[in-house]
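Let's take a walk through this one together. Have the sequence and the 3D view ready, and we'll go strand by strand.

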Amino acid sequence: MLDLIISTAYAEAVPAAPAPQGSAISQLILLGGMLLIFYFILWRPQAKQRKEHKSLIDNLTKGDEVVMSGGILGKIIKVDELYSVIEIANNVQIKVQKAAVMASLPKGTLKAIN
């Protein structure tokens, strides 16, 4: 009875269209382009930044005014191979790893801030 009111729908078997296939050369060019983008956007700037930070750490000397990674400002009192002693206030000294130094400040910056 229901067949008389609503006709049954049948899906027609249509062969799927084949996916377009590019040549191997175009795929290699696309891969090479992606690698170049990755190199220039990510790897190269980070390598440059690491090199500059290593240079900063290697050239730390007594009397330099620095900013630590936590935002602490201070003046270097003593420099060892791995650590440096930093004076952050009168008679307040802390010993930190040299790698924690993020930037070197111009001379007189600490006096200008106080």
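**Starting from a strand pair**

Three bridges tie strand β1 to strand β2, residues 73–79, and the two run antiparallel. Keep in mind that this is a predicted model. To find your place along the pair, look for Glu-65, which sits opposite Lys-75 in β2. The two strands form a hairpin with four residues between them, and in that turn Gly-71 has a positive phi of about 95°.

Now turn to the other partner of β1. Strand β5, residues 101–105, is joined to β1 by four bridges, again in an antiparallel arrangement. Here Met-68 stands opposite Val-101.

So what about the two faces of β1? In a regular strand, side chains alternate between the two faces of the sheet. Both faces of β1, residues 65–68, turn out to be covered: Glu-65 and Val-67 are buried on one side, Val-66 and Met-68 on the other.

Val-66 and Met-68 also belong to the largest nonpolar core, a set of seven residues that they share with Leu-60, Ile-76, Ile-86, Val-96 and Val-101. Pick out Val-96 in that group: leaving aside residues up to four places away in sequence, Val-96 touches Met-68, Leu-82, Tyr-83, Ser-84 and Ile-86.

Finally, zoom out. The protein chain has three helices and five strands, in the order α-α-β-β-β-β-β-α along the sequence. Of its 114 residues, 15% are buried. The chain exposes about 9,600 Å², with carbon and sulfur atoms supplying 62% of that area.

Note on methods: Residues numbered from 1 in each chain as written. Predicted model: local features only at pLDDT ≥ 70, side-chain atom pairs only at ≥ 80, totals over all residues. Heavy atoms only, no water. Buried < 20%, exposed > 50% of the residue type's maximum accessible area, 1.4 Å probe, protein only. Pairing = 2+ DSSP bridges. Core = buried A, V, L, I, M, F, W, Y, C linked by side-chain atoms within 4.5 Å. Contact = heavy atoms within 4.5 Å. Areas by Shrake-Rupley, 256 points an atom, 1.4 Å probe, with all protein chains shown as cover.
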